[in-house]
Structures are given as C-alpha cells and as structure tokens.
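Biologist: I have the coordinates open in another window. Could you walk me through them while I look?

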Amino acid sequence: MSNLKLVIGNKNYSSWSLRPWFFLKNFDISFDEEMVFLYEKKTQEKVRPYFSNGKVPVLVDSANGEGFRVWDSLAIIEYTNDKFLNQQGWPKDMQARAVARAVSAEMHSGFFALRNSFGMDCKKHFPNHPVPADVQQEIDRIIDIWRYCKQHYGAGGPWLFGEFSGADAMFAPIALRFSIYDVKVSGFVNEYVDTILHNEYIQNWIEVGKQETQVIDFDAIDIG
Ligand SMILES: N[C@@H](CCC(=O)N[C@@H](CS)C(=O)NCC(=O)O)C(=O)O
C-alpha cells in the first residue's frame, strides 16, 4: 500500500482523471487508486469527504498521517512534481517550462466545444464522424499549440517538449478523442497522437475503461 491515493472516475469516461493518473504512471510514482463511478447516487457522498467540489480526480497524500488532499488535475501534477520529481515533471529550460505551463493551463480552462461534443468514451469509435465548426476551430488551435511546442522545444524526443512532461499528460485525452471520433490528422500530429495512444499506460487505461459496465448518457450531462 502506498501513502498516495488517486481518486478517479470511470476510466471509460473520466478524461480529467486520466491526466494526473498518466503523469504519475509515466514518472513511476507509486500510488493506489480508488475508482468512484460518476453521476451515480452515491458519487457525491463518496467524493465530498475529500473536500472536492464533488469532482474527481483527488489526490490524497497520507505521508504525514493526516491525508492531505489535492482536488484538481493540474494541481495534482504540480504537487507531485514538487514532492517527488525535483521539478523533472516539466521541461528543464525556463522558457520551455513557462510555455508548457501556458499550454497546460489553456487546456485546463478551455476547449469546451470539443469537450462537450466529443466526450471521452473509450468503448466507442465513430468512423467519419462529422466535426462541427466550433469543434474544428478548437482542434485547429490544439494543433497550432502542438506545432509550436514541437518546433520550438520538441526536437529531442517524441513528446511536446522532447521528453515527457505535464503538458503531455494534460493533452493525452485529446489523442483519445481524436481516435474515438476519427479526427483526420497527418504528419507530426499523427505521430504525436500515436505516441500517446501506443503508450503502455494509456493502453492499459483504455483496456480497463472498455471493461467497465456503467453507461453515462452524454446528452444528459456535461462531463468535460
Ligand atoms: N477542473 C477539474 C475538473 C474535474 C471534473 O470536471 N471531473 C469530472 C469527471 S471527468 C467530474 O468529476 N464530474 C462529476 C460532476 O461534475 O458531478 C480538474 O481538473 O480536476
């Protein structure tokens, strides 16, 4: 048993949970998982004790006994970077690091059309799915962000800043959405999406998600 516990939603659906989960896994930080099924009667009851606003992910750090809680995906990445990685969770170069944080914050606070119209559902695949104009606009912005990162900082490896960083964890669910909704991409975008989709931890997440039985009606709720 680890001192760290990550409370996550259904792997099939919970894109916010995937971000810190992927970050911790790829940086080999050991943690336990507790899964809370989303949008069920007991969901709020299970999540509220963590001082969350009823949402997952939440990280619980019991190293000092008291169960310190961090209730936001990006804050969990920052906290574990501070505590376990000696700042290796973000690019070493100061300017690259600032850009990585800027694009992560942009992901964290935006892209609502894409998140709402192309909800994450690992079990689904929609060949030739239509792309509404507002979603296309956001996809174009994401591709511009990825191109900028790769061109300026990403030559040293397959990730946005060469080596894996918090920015890749923040954008990982986008690769899953591109695959599920058959978003046509080519060149470096395709390579980057493949890097994420072929990652062993992402494959494991998808496999487990596919085995879950709870079904959520996307039209009835906003899952982010
Ligand atoms: N900003 C939060 C968003 C978390 C979030 O919206 N989580 C969704 C699941 S992916 C959730 O818990 N939804 C349950 C609800 O809204 O009742 C974060 O980054 O952690």
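Modeller: One term before we start, since I will use it for the strands: two strands pair if DSSP finds at least two bridges between them. Please also keep in mind that this is a predicted model.

Biologist: Fine. Which residue of β2 does I8 stand opposite?

Modeller: I8 stands opposite M35 in β2, and that match belongs to the parallel pairing of β1 with strand β2, residues 32-35, which runs over four bridges.

Biologist: And β1 with β3, parallel or antiparallel?

Modeller: Strand β1 pairs with strand β3, residues 58-61, in the antiparallel sense, over four bridges; within that pairing, the bridge partner of K5 in β3 is V60.

Biologist: Is β1 largely enclosed or open, and why?

Modeller: Strand β1, residues 4-8, is largely enclosed by the rest of the structure, because four of its five residues are buried.

Biologist: Let me step back. How many helices and strands are there in the chain?

Modeller: The chain has nine helices and four strands, and from the N terminus on they follow the order β-α-β-α-β-β-α-α-α-α-α-α-α.

Biologist: What about overall dimensions, and how does the radius of gyration sit with a compact globule?

Modeller: The C-alpha trace spans about 50 × 45 × 25 Å along its principal axes. A compact globule of 224 residues would have a radius of gyration near 17 Å, and the chain has 17 Å, which agrees. As for burial, buried residues make up 39% of the 224 residues, and of the contacts with a separation of 6 or more, 67% are between residues 24 or more positions apart.

Biologist: Switching to domains, what does the assignment give?

Modeller: The assignment gives domain 1 (4-87) and domain 2 (94-206), with 21 Å between their centres, taken over C-alpha atoms.

Biologist: How many residues are in contact across the two?

Modeller: There are 15 residues of domain 1 in contact with 15 residues of domain 2. On the side of domain 1 that touches domain 2, the elements giving two or more residues are α1 (15-26) and α3 (73-84), and α1 gives the most, with nine residues. By class, that side of domain 1 has eight nonpolar, four polar and three charged residues.

Biologist: Then where does the largest nonpolar core lie relative to the domains, and why do you say so?

Modeller: That core has 61 residues, and those with the most contacts inside it are V7, V58, C149, F161, A167 and A172. Helix α7, residues 166-180, gives the most to this core, with ten residues. Domain 1 and domain 2 both give residues to the core, so it lies between them. As a general point, nonpolar side chains tend to be buried together in soluble globular proteins.

Biologist: Pick C149 for me. Which residues is C149 in contact with, leaving aside its neighbours within four places in sequence?

Modeller: With those neighbours left aside, C149 is in contact with V99, V103, G154, L160, F161 and A167, and of these, F161 and A167 are also listed among the core residues with the most contacts inside the core.

Biologist: One last residue, D134. What does D134 count as in terms of exposure, and why?

Modeller: D134 lies in helix α6, residues 133-153, and it counts as partly exposed because it has 13 C-beta neighbours inside 10 Å, where 12 or fewer would make a residue exposed and 20 or more would make it buried. D134 is also 90 residues from Q44 in sequence and 32 Å from Q44 in space, C-alpha to C-alpha.

Methods:
Residues are numbered from 1 along each chain as its sequence is written. This is a predicted model: local features need pLDDT of at least 70, side-chain atom pairs count only at pLDDT 80 or more; totals for chains, interfaces and linings use all residues. The radius of gyration is taken over C-alpha atoms; the globule rule is 2.2 Å times the number of residues to the power 0.38. Two residues are in contact if their C-beta atoms, placed from the backbone, lie within 7 Å. A nonpolar core is a set of buried Ala, Val, Leu, Ile, Met, Phe, Trp, Tyr and Cys residues joined through C-beta atoms within 7 Å. Domain bounds come from an automatic or database domain assignment. Ala, Val, Leu, Ile, Met, Phe, Trp, Tyr, Cys and Pro count as nonpolar, Asp, Glu, Lys and Arg as charged, and the others, Gly among them, as polar.
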